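Student: I should like to learn how to read this structure feature by feature. May we begin with a single residue and then widen the view?

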Amino acid sequence: EILALIDVPSRLGGPCAVSFAKWCCDSEPENVADINDAFTHAMARVLEESKKVPLKDPKLALKRLVPNLKLFCKEGPGLSKDRFPARWLALWDKEAGAVKPMLNDDSEKAAMLTPAQGYQLLGVLDHPESRFPSLARLEA
């Protein structure tokens, strides 16, 4: 009934997606499960928008749109006391020894990760294929 009164777009607009991604990076929401699908859709649109930026390097184009891009990573890797806490990690952090976010595209290899290797598995953009094919969505 209310949808008949208002025009709700079926697709998130580029500027709105960029703004949402920036908000997530700035506010670092704690309840990531509540925004996981929205963040995935927004990041897919942000990647589309970055193609419109007049730079040859796609990484620099994305960095221009979301200069403080962070991705939420789940606790781990491993079960030892030196595992990393769940947190938002900056994608562009170039500090020596900075932990890098990583998509778990192979659970067998991911099981061999240790904190000493400097990678932490994503807690966003990692939907099971049966629920939401986020990797395919990002590549589309």
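**Reading the model, from one residue outward**

Tutor: F72 has a relative accessibility of 14% and therefore counts as buried. Please keep in mind throughout that this is a predicted model.

Student: Why does F72 count as buried?

Tutor: The general idea is a cut-off: buried means under 20% relative accessible area, and exposed means over 50%. F72 counts as buried because its relative accessibility is 14%. W88, at 10%, counts as buried too. Of the 140 residues of the protein, 36% count as buried.

Student: How many helices and strands does the protein have, and in what order do the elements run?

Tutor: There are five helices and four strands. Read from the N terminus, the elements follow the order α-α-α-β-β-β-α-β-α.

Student: How many aromatic pairs does the structure hold?

Tutor: To read such a pair, one looks at the distance between the ring centres and the angle between the ring planes; planes over 60 degrees apart count as edge-to-face. A search of the whole structure finds three aromatic pairs. One of them joins F39 and W88: the centres are 5.8 Å apart and the planes stand at 75°, so this pair is edge-to-face. F39 belongs to helix α2 and W88 to strand β2 (residues 87-90), so the pair ties together parts that are 49 residues apart in sequence. Both F39 and W88 are buried.

Student: Which residue forms an aromatic pair with W88 from strand β1?

Tutor: That residue is F72, in strand β1 (residues 70-73), 16 residues away from W88 in sequence. The F72 and W88 rings are also edge-to-face, with 5.7 Å from centre to centre and 65° between the planes. Ring pairs thus link F39, F72 and W88 into a cluster.

Student: Where do the buried residues of a helix lie around its axis? I should like to take α3 as the example.

Tutor: The general idea is that an α-helix has 3.6 residues a turn, so residues three or four places apart point the same way. In α3, the buried residues are A61, L62 and L65. Viewed down the axis of α3, they fall within an arc of 95°, so they line one face of the helix. These buried residues pack against α1 and α2.

Student: What caps the N-terminal end of α3?

Tutor: Here one looks for a side chain that reaches the backbone at the helix end. D57 provides the cap, with a side-chain oxygen 3.0 Å from the backbone nitrogen of K59.

Student: Are K51 and K52, ahead of that helix, buried or exposed?

Tutor: K51 is exposed, with a relative accessible area of 68%, and K52 counts as exposed at 60%. K51 lies in the loop between α2 and α3. K52 is found in the loop between α2 (32-50) and α3 (58-65). The side chain of K52 makes a polar contact of 2.9 Å with the side chain of E49.

Student: How far from L62 are these two lysines in sequence and in space?

Tutor: Sequence separation and spatial distance are read separately. K51 is eleven residues from L62 in sequence and 8.2 Å away in space, C-alpha to C-alpha. K52 is ten residues from L62, with a C-alpha to C-alpha distance of 10.0 Å. For the protein as a whole, consider contacts between residues at least 6 apart in sequence: 54% of them join residues at least 24 apart.

Student: What should one look for in the backbone itself?

Tutor: Most residues other than glycine have a negative phi, and most peptide bonds are trans. E28 has a positive phi of about 45° although it is not a glycine. E28 sits in the loop between α1 (14-27) and α2, and it is partly exposed, with a relative accessible area of 31%. The peptide bond from G76 to P77 is cis, with omega near 0°. P77 lies in the loop between β1 and β2.

Student: How many disulfides does the structure hold, and are C16 and C73 buried or partly exposed?

Tutor: The structure holds zero disulfides. C16 counts as partly exposed at 48% relative accessibility, whereas C73 is buried at 0%.

Student: What, finally, does the protein expose as a whole?

Tutor: The protein exposes about 9300 Å², and carbon and sulfur atoms supply 56% of it.

Conventions. Residues numbered from 1 in each chain as written. Predicted model: local features only at pLDDT ≥ 70, side-chain atom pairs only at ≥ 80, totals over all residues. Heavy atoms only, no water. Disulfide = S-S within 2.5 Å. Buried < 20%, exposed > 50% of the residue type's maximum accessible area, 1.4 Å probe, protein only. Helix = DSSP H or I, 4+ residues; strand = E, 2+ residues; numbered from the N terminus. Polar contact = N/O pair within 3.5 Å; in protein donor to acceptor, adjacent residues only side chain to side chain. Phe/Tyr/Trp six-rings, centres within 6.5 Å; stacked < 30°, edge-to-face > 60°. Contact = heavy atoms within 4.5 Å. Areas by Shrake-Rupley, 256 points an atom, 1.4 Å probe, with all protein chains shown as cover. Arc of directions from axis to C-beta.
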